[in-house]
Amino acid sequence: MNLFGQPNGLLGSIGGKILASANKEINQWTVSLLGVQPDDRVLEVGFGPGVAVEMTSKIIKDEVLVGVDISEVMLSQAQRRNAAAIQEGRVKLILTAVENLPVFDHPFDKIYTINSIIFWEQPVERLKELRSWLKPNGRIAITLQPRSKGATDEMAHMEGEKLVQYLQEAGFNPIRLETKNMKPVSAVCAIGINA
């Protein structure tokens with residue numbers, strides 16, 4: 001795995017700090033697009049250093065935010081960042097890959113993932129499984145900001161269209177695509193409803 005796909009060791013720790021800073025704006029954007037409410041039960045797939053977990057857990061008052069990530073380094077950083085919310089029982093972080101999701105106690109109102117779908121095996125199958133964990137009319141948000149060398153806004157738009165297609169194939173409807181103009185390249189967020 002690469003530095004950001006499954007961060008580990010010292011380089012992974014540095015990568016987590018880079019991600020915490022680099023993704024802050026799109027984390028806020030994704031959480032706002034998802035429309036998280038105080039009584040929502042939320043799942044984040046690929047929580048990284050836990051910045052979006054921290055933002056979302058400040059909104060949720062009556063439920064729990066569950067996060068899954070494959071990296072022990074990211075789990076450690078996210079646990080430190082969210083120690084109080086974990087202690088209060090409002091946040092639960094699990095070390096696992098999206099391909100090996102645990103059996104959850106209850107379905108979720110909202111699910112989101114930020115810059116992690118590019119690392120998933122069989123993304124449509126993963127989205128079908130995530131859809132099975134969403135309540136009726138529950139909402140999923142998939143955010144992606146291309147980070148490859150030479151990435152362009154056009155590339156971001158193409159990736160967004162691919163995300164929409166994945167959601168359609170997984171059975172979400174309706175679906176909308178949002179774009180956030182950013183530097184060095186725009187971010188996209190595909191939002192689907194479990195209708």
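The structure holds 9 salt bridges. It is a predicted model. Side chains of opposite charge can pair when their charged atoms come close. Three of these pairs are described below, followed by helix 6, the residue Asn115 and the chain as a whole.

**Salt bridges**

- Asp109 and Lys135 meet through their side chains in a salt bridge, with 3.2 Å from N to O. Asp109 lies in strand 4 and Lys135 in strand 5, so this pair ties together parts that are 26 residues apart in sequence.
- Is Asp109 buried or exposed? Asp109 is buried, because its relative accessible area is 15% and the cut-off for buried is under 20%. Its partner Lys135 is partly exposed, at 30%.
- Glu88 pairs with Arg90 in another salt bridge, and their closest N and O atoms are 2.8 Å apart. Glu88 counts as exposed, because its relative accessibility is 53% and the cut-off for exposed is over 50%. Arg90 has a relative accessible area of 24%, so Arg90 is partly exposed.
- Lys128 forms a salt bridge with Glu125, where the closest N and O atoms are 3.5 Å apart. Both residues belong to helix 6, and being 3 residues apart there, they are separated by about one helical turn.
- Why does that spacing matter for direction? An α-helix has 3.6 residues a turn, so residues three or four places apart point the same way.
- Lys128 is partly exposed at 38% relative accessibility. Glu125 is partly exposed too, with a relative accessible area of 36%.

**Helix 6 and its buried side**

- Helix 6 runs over residues 123-132. Which of its residues are buried? They are Pro123, Val124, Arg126, Leu127 and Leu130. These residues cover an arc of only 155° around the axis, so they sit on the same side of helix 6.
- What covers these buried residues? The cover includes strand 1 (42-45), strand 4, strand 5 (134-144) and helix 7 (153-169).
- Strands 4 and 5 therefore appear twice in this briefing: they are part of the cover over helix 6, and they hold the partners Asp109 and Lys135.

**Asn115, in the loop before helix 6**

- Where does Asn115 lie? Asn115 is in the loop between strand 4 (108-114) and helix 6.
- Asn115 counts as buried, because its relative accessibility is 14% and buried means under 20%.
- The Asn115 side chain reaches the backbone nitrogen of Gln145 at 2.7 Å.
- Leaving aside residues up to four places away in sequence, Asn115 touches Asn23, Ile26, Thr143, Leu144, Gln145 and Arg147. Gln145 is thus on the list of touched residues and is also the residue whose backbone nitrogen the side chain reaches.

**The whole chain**

- How many helices and strands are there in the chain? The chain has 7 helices and 7 strands. Along the sequence, their order is α-α-β-α-β-α-α-β-β-α-β-α-β-β.
- The chain has 195 residues, and 51% of them count as buried.
- Take the contacts in the chain with a separation of 6 or more: residues 24 or more positions apart account for 72% of them.
- The accessible surface of the chain comes to about 9,400 Å². Carbon and sulfur atoms make up 50% of that surface.

Note on methods
Residues numbered from 1 in each chain as written. Predicted model: local features only at pLDDT ≥ 70, side-chain atom pairs only at ≥ 80, totals over all residues. Heavy atoms only, no water. Helix = DSSP H or I, 4+ residues; strand = E, 2+ residues; numbered from the N terminus. Buried < 20%, exposed > 50% of the residue type's maximum accessible area, 1.4 Å probe, protein only. Polar contact = N/O pair within 3.5 Å; in protein donor to acceptor, adjacent residues only side chain to side chain. Contact = heavy atoms within 4.5 Å. Areas by Shrake-Rupley, 256 points an atom, 1.4 Å probe, with all protein chains shown as cover. Arc of directions from axis to C-beta. Salt bridge = Lys/Arg side-chain N within 4 Å of Asp/Glu carboxyl O.
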